[in-house]
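Visitor: I am new to this structure. Please take one part of it and look at it closely.

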Amino acid sequence: MKCAHRGERGGNTPDLHGGSELEEKMISVDQNISEQLFRTYLDKHNFEYRRSYRVNGGDIDFRVNIYGDILLCDVKEVKDSTSDTYGEIDAERHIRGDIRKLRAKFSKNRPEVPVLLVTMNFSSKFFTGLTIARALLGEIGFTFDRNCGEALSPFHHLPKGNAALTHRHNRSISGVFVFDHVHLNHRIFLSPFADYPISLGLFPEVEFTQLDRRSEKDELIGLSRYRFWGID
């Protein structure tokens with residue numbers, strides 16, 4: 001029997017597409033703000049970039065040239081649920097969905113440069129690095145003996161843990177750039193399956209974490225120390 005760790009899950013987030021006209025306008029405003037924040041960061045470091053870069057199935061928000069290294073960056077936001085419960089979020093679901101939508105923009109034509117999902121917390125709660133690891137590599141769990149209640153295995157990523165990234169799926173996504181617009185503790189979580197990995201230290205003022213499905217308990221707990229706060 002397997003038990004998934006879900007300590008940070010805040011509830012189910014409905015699909016925001018197809019909502020009211022007011023909701024669509026709010027989404028548009030948030031997108032403008034998040035893209036401007038990322039653009040300000042790029043301008044600060046004098047990086048060359050192109051906005052709304054066209055690919056096969058849609059537009060990518062930024063095509064960035066960092067001293068000759070080309071990357072494609074798509075900017076999204078984690079938001080509160082539209083339910084009546086204040087502060088209810090499901091950051092994992094947001095990020096998984098954004099990863100899959102980003103991959104779908106390329107259709108059958110895989111990009112030949114690194115691709116980053118840039119995500120910002122626009123919700124009223126925080127999420128952590130463990131949230132990112134669970135979204136990308138799958139939920140966390142362990143095996144135990146139901147008779148005596150003793151653990152038979154350490155905490156680990158579950159084989160069928162609803163991972164957004166695997167060795168067979170979404171290899172074109174190089175990682176997730178959590179842009180911390182509150183405390184500026186930016187961090188990029190790198191995919192272990194990326195066809196085009198990103199060089200460590202490529203982005204200034206950004207820390208890098210290499211994710212690994214083989215991570216054990218202490219490493220997984222360590223990820224929860226990276227907290228990304230949302231709006232007040």
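Guide: Buried means under 20% relative accessible area, exposed over 50%, and partly exposed in between, with a 1.4 Å probe and protein chains only. Helices (H or I, at least four residues) and strands (E, at least two) are DSSP runs, numbered from the N terminus. This is a predicted model, in which local features need pLDDT of at least 70, side-chain atom pairs count only at pLDDT 80 or more, and totals for chains, interfaces and linings use all residues. Residues are numbered from 1 along each chain as its sequence is written, and side-chain values use heavy atoms, with hydrogens and water left out.

The part chosen is helix α3, residues 129–137. Nine of its nine residues are buried, so the helix is mostly covered. The buried residues of α3 include Gly129, Leu130, Thr131, Ile132 and Ala133, and also Arg134, Ala135, Leu136 and Leu137. At the start of α3, a side-chain oxygen of Thr128 comes to within 3.1 Å of the backbone nitrogen of Leu130. That is a polar contact: a pair of N or O atoms within 3.5 Å, where within protein one must be able to donate a hydrogen and the other to accept it, and residues adjacent in sequence count only if both atoms are side-chain atoms. After α3 comes Gly138, with a positive phi near 110°.

Strand β5, residues 115–121, can be set beside the helix: seven of its seven residues are buried, so the rest of the structure largely encloses β5. On one side of β5, Val115, Leu117, Thr119 and Asn121 are buried; on the other, Leu116, Val118 and Met120 are buried.
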